[in-house]
There are 2 protein chains.
Amino acid sequence: MLECTIEQASTLKKILDAVKELVADANFDCSDAGLSLQAMDNSHVALVALLLRSTAFSPFRCDQNLSLGINLSSFSKILKCANNDDTVTLKADSGVDTINLAFESKNGARQSEYDLKLMDIDSEHLGIPDTPYEATVKMSSAEFQRICRDLRILNESIVIDVTKEGVKFSSSGDLGNGSIFIKSGQSSIDEKDEDTATTITLQSPVSLTFSLKYLCDFAKATPLSNTVTLSLSNDVPLLVEYAVNEVGYIRYYLAPKIGED
Amino acid sequence: MLECTIEQASTLKKILDAVKELVADANFDCSDAGLSLQAMDNSHVALVALLLRSTAFSPFRCDQNLSLGINLSSFSKILKCANNDDTVTLKADSGVDTINLAFESKNGARQSEYDLKLMDIDSEHLGIPDTPYEATVKMSSAEFQRICRDLRILNESIVIDVTKEGVKFSSSGDLGNGSIFIKSGQSSIDEKDEDTATTITLQSPVSLTFSLKYLCDFAKATPLSNTVTLSLSNDVPLLVEYAVNEVGYIRYYLAPKIGED
DNA sequence: TGGGCTTCCA
DNA sequence: TGGAAGCCCA
């Protein structure tokens, strides 16, 4: 059986907000390492990989590996019934076709409980090669979200150019052209905040084109972390990672567009 | 004639917000006791009873009883034209087919005035027996509203179970099941706030089913009071009461659903 | 910064 | 009609 408790319901809420738009149904794989999820998005273009480490929970108990097929929209709706700082306990058993969610207010005066029906989902577990990337950009997640939203008024595609000086995001369309250049080494959001300083690690410059629709969907993970890490190589899917402090991460993969400007 | 002044326009605004969704047109009965309204909702399922005591106004003058037929949506629209802390004066006369609303800012610099057309409304004044109830729950109104909203994701019906330990709200549907238990004796919202501590008075435990649509409409009265009182007996309409400090109350009655789980 | 409300879109 | 996004208020 699985039984695990996390202190802040808000963490789970934000995680579901960051996934449910891309993926309708997915299997949560439960093991002693924690809870993980890996799924192609609904149009089979992007891939989402989520990890919630067992250490994010206390207690965490998972006797045998379980794969829980969950409708993420329903899961999210039920989580919205918790207050942000409620404690959440998830319980599931191998024999049963529901997962139990128990929310408890910090003072214990309010206890709520939901059973969510599980479903059978074909899981196509794709091995993701852990390749080195030619360029890595760590930057403010809020800035990245803003850039993706802004450039979307111009075109559905965005070009990301990484040099050692900085990273340039650009787009062009009927309205005109636009580009945003973020200098390496300092924060674009708050100059005093070293957490969100832009850091670039580079083997060789890259210039790649991606669909803004997907990047905007990935950016829904912004509330989970102050920073985002973009990892790029030519002809390899972009990796967009939001590390969630003490909890785990959510990673998105998206293949570049080719043969376009 | 009727002529009465209330200090805070916001009080009247909130009252109209709490009624206008349920009742389109209603008679305001004016007497030296104050203003009252009693009406079935548009689908003749629920009943609303409102009282604004004469002491809520100063001055309050009502020479003879008047019954003023008012379209509540129009009344609400006009009230929205007042600033929240404007003083509101209502004037009506038996010979005239309008009610006059005068708004005045606290410093007197702004005075506005509206005439609202009255209408003839058949009033079916139902006697409401003042019966004792088997169970009474006083709880945070915000909590009650939240519970009704939350459980609505599961089903249109809610089951309310009252025991001396606390009150349980539950629902079930396609997604799964859910229940919220509120412990008697402490506040589920703010542990330091004794005003909103849950208080249960019980002759015998009750378990009744109601339509969530109506309860959610009743909960629009939440801004009027920090607490709500639910009074239940088997086979008797639920009474949901919001006492408005120093002003009066708004009461809603709703028959339980029978023959359903 | 978070929550609620309103408006727009599917 | 329900869900999502953006705006406004606390």
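Ala, Val, Leu, Ile, Met, Phe, Trp, Tyr, Cys and Pro count here as nonpolar, Asp, Glu, Lys and Arg as charged, and the others, Gly among them, as polar. By that division, the surface near DNA strand D has no nonpolar, no polar and five charged residues, where near means that a heavy atom of the residue lies within 4 Å of the strand.

This is a predicted model, in which local features need pLDDT of at least 70 and side-chain atom pairs count only at pLDDT 80 or more, while totals for chains, interfaces and linings use all residues. Residues are numbered from 1 along each chain as its sequence is written, chains are lettered from A and ligands numbered from 1 in the order in which they are written, and side-chain values use heavy atoms, with hydrogens and water left out.

The residues around DNA strand D are A:Lys20, A:Glu21, A:Lys77, A:Arg149 and A:Lys220. Two of the lysines come into polar contact with the backbone of the DNA (a polar contact is a pair of N or O atoms within 3.5 Å). A side-chain N or O atom of A:Lys77 is 3.1 Å from a phosphate oxygen of strand D, and for A:Lys220 the corresponding distance is 3.0 Å.

Chain A also holds an open sheet of four strands in the order β13-β12-β11-β15, with antiparallel pairing. Strands are DSSP runs of E of at least two residues, numbered from the N terminus, and two of them pair if DSSP finds at least two bridges between them. Because β13 (177–183) and β15 (206–211) of chain A each have a single partner strand, they stand at the edges, with one side left without a neighbour in the sheet. Within the sheet of chain A, β11 (residues 157–162) and β12 (residues 166–172) pair over four bridges, and A:Asp161 has A:Lys168 in β12(A) as its bridge partner.

In chain B, strand β2 (residues 25–31) is mostly covered, with five of its seven residues buried, that is, under 20% relative accessible area with a 1.4 Å probe, counting protein chains only. β2(B) pairs in the antiparallel sense with β6 (residues 66–71) of chain B over six bridges, and B:Asp25 stands opposite B:Asn71 in β6(B). Four bridges join β2(B) to the antiparallel strand β3 (residues 34–40) of chain B, among them that of B:Asp29 with B:Ser36. A hairpin of two residues links β2(B) to β3(B).

Conventions: Polar contact = N/O pair within 3.5 Å; in protein donor to acceptor, adjacent residues only side chain to side chain. Buried < 20%, exposed > 50% of the residue type's maximum accessible area, 1.4 Å probe, protein only.
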